[in-house]
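Q: Please give a close account of the part where the two chains meet, for someone who has not seen this structure before. Please also set that part in its surroundings.

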Amino acid sequence: MPRLACIFVPLFPLAARLRSEPDLKGEAVVVVEGNGNAARVLAGSRKARLCGIEAGMTLPQARARLPKLTARARDRESERAGHEALLEVADGFSPRVEDGGDGVVYLDIEGIPGLSAAAVASRPAAESFQPDESELQARPSSPFSDLSRSAERVLGQDLIAAVERSGLPARAGIASSKLAARVAAGLPDSPRVVSPGEEAEFLAPLPLSRLAPEIEIAATLERWGVRSVGDFAKLPPGEVESRLGELGRRFHAAARGLDLRPLEPRLPALSLSEGMELEWPLVALEPFLFVGNAALERLSRRLEAQGLACRRLELILKLDPDGCDARAIALPAPTLEVKTLLTLVRLELEARPPGMPVMGFTFAAHPDKPRRAQLSLFGPPALSPDRLATTIARLASLLGADRVSSPRAVNGHRPERFASAAYEPPAPPEIARPPRAGRGLLAVRVLRPPVELEVIVDGGGRDLLPLSLGEGRGEGLLVAPFRLLSLKSAGANGASLEIAGSVRIAAGPWSMEEGWWSDAPAARDYWDVELTEGGLYRIYRDRASNAWFADGIYD
Amino acid sequence: MSALPALVLERILETEGVAKNRGCLLSGLGARLFRASELPSCAAEKVALPTAVPALDRLLPGGLLKGSVVELSGRRSSGRFSLGLAALAAATSAGQAAALVDLGNHLDPQAAEQAGVDLRCLLWARPHRVKQALAAAEMLIAAGFPLVVADLGLCPGTRFLPDAVWVRLARAAQAQGAAFLLSTPWRTSGIAADAVVSAAQARPIWKGSGRAPRLLAGLDTRLTLEKYGRVTPRSAISYQLSALSKDDSLGRLTADS
């Protein structure tokens with residue numbers, strides 16, 4: 001006989017709303033459905049219920065009883081996120097989990113209580129389940145041992161604690177059928193364990209409303225004077241079926257504890273999402289980020305509970321009055337850091353504002369396994385992959401995704417060429433090794449983009465030629481030897497980098513030609529130039545445009 | 001104990017003629033009284049990360065101090081960019097990860113590879129502004145990089161940066177045990193740097209003269225240790241950098257002074 005557990009979140013619309021707005025916990029709050037004065041109370045907090053507010057009241061009626069009542073509209077997005085969180089908690093306990101609808105989850109616990117039997121044995125007696133004396137007298141020869149019952153009760157307590165950690169109140173029931181487990185979970189003394197084969201006895205004293213009969217059947221049974229489940233179960237099945245039809249037959253079977261519906265396990269979700277519908281439209285970024293931060297924190301906690309991290313974040317904005325805006329943010333590596341995710345969201349929205357007020361939002365995280373590294377005892381310390389991923393994401397958000405990388409050498413002749421790749425450092429050596437001896441090479445500080453120059457040259461006996469050297473050229477080459485006299489960055493006062501001075505020594509030219517077959521060929525003559533004022537530059541003349549540039553500083 | 005009561009107590013001790021000898025004559029508060037010069041040198045306790053540049057490793061005993069800020073200042077063509085690359089080459093050739101914050105986007109990956117940098121181990125961050133550069137450097141230090149080189153380019157706008165920025169960086173390096181090399185055209189980090197080296201009086205070395213073709217052979221630069229811990233040593237070393245990758249005659253220590 002299978003053993004099933006049911007987790008039930010009472011007053012689910014309210015519980016989901018309070019999970020999104022934890023500041024309201026402890027306040028007199030109601031969740032309403034509908035607009036204006038026609039809005040009706042769906043669920044109320046304990047403080048509200050103590051003031052006489054009940055489900056079904058209109059909001060004005062509720063406010064008449066408690067003027068300071070806080071009312072929130074029903075938030076389907078919060079409910080969906082809360083229900084997902086509930087399913088994930090169940091996934092952490094069992095591989096077979098059924099989605100039972102809003103705030104209800106069934107899970108197959110076959111074999112799981114046995115795992116916690118040792119834990120039960122090690123717990124203090126006060127914490128263990130002690131069956132009532134009446135219960136023992138009623139079932140003296142039950143094959144279901146006290147140890148098994150205690151183990152299941154411990155499992156139920158663990159389930160409730162895990163759900164409460166995810167921000168939802170919960171009750172749990174354990175039985176051999178979904179119906180009995182669901183009814184047991186609805187009872188206030190939680191967790192409630194129903195021994196195998198004792199479902200009918202468990203249900204018998206309960207009022208019929210616990211089985212949630214359809215309205216027409218409930219009215220008929222009330223006219224018959226049937227009050228409890230046990231009274232209904234004693235009626236002959238054939239008679240019930242002939243009078244109440246198929247619906248009555250099923251309801252009668254349920255009253256006798258017969259529930260043959262199997263558990264229907266769900267498929268695991270490919271992405272996790274959190275979000276909420278807002279009370280009023282938001283037009284500024286900061287308030288949105290404030291509420292978004294809380295949603296991302298919940299998302300991060302859910303990912304962490306499953307040992308996962310966010311690899312890609314999708315943001316779906318519900319716009320006012322209608323429409324939605326969806327965008328995706330790719331992360332360089334899986335991360336759980338809320339600050340990083342929030343910064344990326346901020347940058348994304350700053351770069352591309354939605355253009356309309358936001359009425360609701362959903363963050364969907366595509367999970368991936370976080371990277372792990374094996375540390376070495378004798379080698380240099382490796383970077384923590386998680387911290388590295390987070391840092392790269394933050395740097396990408398600060399500088400731009402293309403400005404954080406690992407450089408790569410490229411074949412070619414243009415000095416400004418470079419390539420980059422994602423930074424994935426190799427594992428450090430297992431044993432620390434000394435650094436290689438330095439080569440003492442003089443490096444060039446590449447100027448990207450190159451600085452345009454005005455160059456004065458001595459034309460070999462002719463007048464000093466300014467920048468335009470077209471007169472002395474043929475086929476793009478200088479005909480006569482000439483000497484560089486001085487150079488100055490074009491528009492020196494406004495230029496980002498000022499280069500000016502007389503040439504002390506110049507070496508060159510060295511010709512470079514590349515990509516003559518392409519749309520952007522490069523044909524240049526290079527000089528190394530030392531200025532009398534100091535500074536050692538690499539300059540070139542572009543043969544096509546006949547312009548001079550400095551593209552590097554020896555430094 | 002704050003500075004003022006300590007000074008008052010020291011003055012009283014001097015007027016009373018009590019020799020200040022910690023732990024002998026005084027007890028309690030007085031036993032904890034000592035002069036700043038008696039403080040143990042932080043630098044002396046730190047482990048150094050060799051740069052494989054003999055001049056730097058001699059000026060800064062062993063290399064860049066882990067957990068501290070080393071500032072390398074020098075004008076254009078002073079050789080400081082080459083020294084930064086040499087430090088990166090030393091760290092990455094030992095299999096360690098290193099980061100370069102390159103404010104002016106000046107790195108030539110081909111030249112860096114030729115200088116011995118293992119590009120796979122190098123993270124290259126290219127900020128647009130100096131504030132971004134310093135924020136990036138702080139993030140990289142906090143991420144656990146053993147060596148972070150921040151090159152502030154040719155004309156960074158550091159004038160309006162508060163001193164707290166440098167103190168934050170020094171604190172971050174100290175907390176993570178990272179070596180942080182700050183390469184700037186002029187001194188900027190104030191008191192936050194544990195060691196300051198200036199590169200100046202650089203002189204290009206040319207081959208060929210007269211009507212013969214000229215060839216740039218290298219750069220002769222002079223490195224001066226301007227600050228180390230709490231002392232001002234002012235020791236200097238000349239160092240030659242070779243522009244020719246196969247020329248063995250340069251790229252080594254030439255003279256001490």
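A: Helices (H or I, at least four residues) and strands (E, at least two) are DSSP runs, numbered from the N terminus. This is a predicted model, in which local features need pLDDT of at least 70 and side-chain atom pairs count only at pLDDT 80 or more, while totals for chains, interfaces and linings use all residues. Residues are numbered from 1 along each chain as its sequence is written, and chains are lettered from A and ligands numbered from 1 in the order in which they are written.

The meeting of the chains comes first. Chain A contributes 52 residues to the contact, and chain B contributes 67 residues; two residues are in contact if their C-beta atoms, placed from the backbone, lie within 7 Å. On the side of chain A that touches chain B, at least two residues each come from α16 (385–399), β13 (404–408), β15 (444–458), β19 (500–514), β20 (522–531) and β22 (547–554) of chain A. Of these, α16(A) gives the most, with 7 residues. By class, this side of chain A holds 30 nonpolar, 10 polar and 12 charged residues. Here Ala, Val, Leu, Ile, Met, Phe, Trp, Tyr, Cys and Pro count as nonpolar, Asp, Glu, Lys and Arg as charged, and the others, Gly among them, as polar.

Strand pairing also crosses from one chain to the other. β13(A) pairs in the antiparallel sense with strand β5 (residues 122–125) of chain B, over 2 bridges; two strands pair if DSSP finds at least two bridges between them. Within this pairing, Ser405(A) has Trp124(B) in β5(B) as its bridge partner. Strands of a sheet pair through backbone hydrogen bonds, either parallel or antiparallel.

Two of the strands that supply this side of chain A, β15(A) and β19(A), can be followed further within chain A. β15(A) is paired antiparallel with strand β18 (residues 483–489) of chain A through 6 bridges, and there Asp458(A) stands opposite Arg483(A). β18(A) is in turn joined to β19(A) by 3 bridges, again running antiparallel, with Leu487(A) opposite Gly501(A).

Arg483(A), which lies in strand β18 of chain A, deserves a closer look. Arg483(A) counts as exposed because its C-beta atom has 12 others within 10 Å. A residue is buried if 20 or more other C-beta atoms lie within 10 Å of its own, exposed if 12 or fewer, and partly exposed in between, with C-beta atoms placed from the backbone. Leaving out residues up to four places away in sequence, Arg483(A) touches Val457(A) and Asp458(A). The C-alpha atoms of Arg483(A) and Ala506(A) are 8.1 Å apart, although 23 residues separate the two along the chain.

Chain B, the other partner, has 7 helices and 11 strands. Of its 257 residues, 51% are buried. Among the contacts in chain B with a separation of 6 or more, 65% are between residues 24 or more positions apart.

The nonpolar interior can be described next. The largest nonpolar core has 143 residues, and the members that touch the most others are Val70(B), Val101(B), Leu140(B), Phe145(B), Val148(B), Leu169(B) and Phe180(B). Such a core is a set of buried Ala, Val, Leu, Ile, Met, Phe, Trp, Tyr and Cys residues joined through C-beta atoms within 7 Å. Leu140(B) links the description back to the other chain: setting aside neighbours within four places in sequence, Leu140(B) is in contact with Thr391(A), as well as with Ala99(B), Val101(B), Leu123(B), Phe145(B) and Val148(B). Another core, of 65 residues, lies apart from the largest one and includes Leu4(A), Val9(A), Val41(A) and Ala181(A).

Some backbone features complete the picture. Most residues other than glycine have a negative phi, and most peptide bonds are trans. In chain A, the bond between Ser190(A) and Pro191(A) is cis, with omega about 0°, and Pro191(A) is in the loop between α9 (178–186) and β8 (192–193) of chain A. The bond from Asp320(A) to Pro321(A) is likewise cis, with omega near 5°, and Pro321(A) belongs to the loop between β10 (309–319) and β11 (324–335) of chain A. In chain B, Ala52(B) has a positive phi, near 65°, and sits in the loop between β1 (48–49) and α3 (54–59) of chain B. Ala52(B) is buried, because 22 other C-beta atoms are within 10 Å.
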